[in-house]
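Q: Could you take a close look at one part of this structure and explain it carefully to a first-year student? I would like one connected account, with each term explained as it comes up.

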Amino acid sequence: MATLTIDNKQYDAKFGFAFKNLADKNYNETDKEGNETGGFIAIYQGLLQFNIDALKAFWDCGLAHLGSKGRPAIKDIEKALEDRIEEDGDTEKLFKEAFKEINLSGFFKKDAKTFWKNLDMFKEIGTEQEQAENEKAVQMLLEAKAELEDATVVESETKTE
């Protein structure tokens with residue numbers, strides 16, 4: 001379970017509509033065609049890119065179930081993440097915990113599987129040059145996924161169990 005200690009209190013990330021709604025409200029992104037990708041996808045991709053802001057967003061949304069009066073402030077989440085990074089020596093454990101929890105959550109499990117299925121189709125879009133670039137991008141994400149799952153990456157494998 002992904003846990004974070006904030007002001008000497010242990011918190012567990014929870015996944016449900018509170019997570020999704022806050023993610024869509026605060027972390028939604030727009031692609032180059034003007035389509036909103038959704039806050040969950042922005043956070044998920046950020047975790048795959050080892051983006052520290054995605055980790056902060058994960059915890060912000062993961063604690064959304066506590067409500068506005070019970071949820072720790074962003075500055076408290078940042079402080080707790082800094083403390084944990086110092087304790088662990090780096091961010092690796094935090095990213096692995098967050099990624100694992102999302103993939104195992106009943107609420108987002110299907111979204112994660114769909115992400116990888118869509119990514120596989122992404123490789124076949126565009127000109128030959130764009131397809132080659134897309135293939136490289138997919139491969140980088142697969143390598144990040146393997147690292148986050150402590151697995152060995154298989155060339156062009158985009159399946160999530």
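A: What follows is a close look at one helix, H7, and then at the parts around it.

This is a predicted model, in which local features need pLDDT of at least 70 and side-chain atom pairs count only at pLDDT 80 or more, while totals for chains, interfaces and linings use all residues. Residues are numbered from 1 along each chain as its sequence is written, and side-chain values use heavy atoms, with hydrogens and water left out.

Helices here are DSSP runs of H or I with at least four residues, and strands are runs of E with at least two, numbered from the N terminus. Helix H7 covers residues 109-122, which makes 14 residues, and from its first C-alpha to its last it reaches 20 Å, close to the 20 Å expected at 1.5 Å a residue; the expected span is 1.5 Å times one less than the number of residues.

To describe the sides of the helix we need a rule for burial: a residue is buried under 20% relative accessible area, exposed over 50%, and partly exposed in between, using a 1.4 Å probe and protein chains only. By that rule Ala112, Phe115, Trp116 and Leu119 are buried in H7. Seen down the axis of H7, these buried residues fall within an arc of 90°, so they line one face of the helix, where the arc is that of the directions from the helix axis to the C-beta atoms. The face turned away from this buried side carries the exposed residues Lys110 and Lys117. Met121 also lies in H7, and Met121 counts as partly exposed because its relative accessibility is 48%.

What does the buried side of H7 pack against? Its buried residues pack against helix H2 (39-48), helix H6 (92-104) and helix H8 (128-148), where contact means heavy atoms within 4.5 Å.

Helix H8 has 21 residues and reaches 30 Å from its first C-alpha to its last, close to the 30 Å expected at 1.5 Å a residue. The buried residues of H8 include Asn134, Val138, Leu141 and Leu142, and the buried residues of this helix pack against H2, H6 and H7. Asn134 also gives a distance back to H7, since the C-alpha atoms of Met121 and Asn134, which are 13 residues apart along the chain, are separated by 9.9 Å. Just after H8, Asp150 takes a positive phi of about 55°.

Helix H2 is mostly covered, as eight of its 10 residues are buried, among them Phe40, Ile43, Tyr44 and Leu47. The buried residues of H2 pack against helix H1 (17-27), helix H3 (52-62), H6, H7 and H8. Just after H2, Phe50 takes a positive phi of about 55°.

Helix H6, the remaining partner of H7, holds a salt bridge, a term that stands for a side-chain nitrogen of Lys or Arg within 4 Å of a carboxyl oxygen of Asp or Glu. Glu92 forms this salt bridge with Lys96, the closest N and O atoms being 2.7 Å apart, and these two residues, being four residues apart in H6, are separated by about one helical turn. Glu92 counts as partly exposed at 36% relative accessibility, whereas Lys96 is buried, with a relative accessible area of 16%. By the same rule, the count of salt bridges comes to 10.
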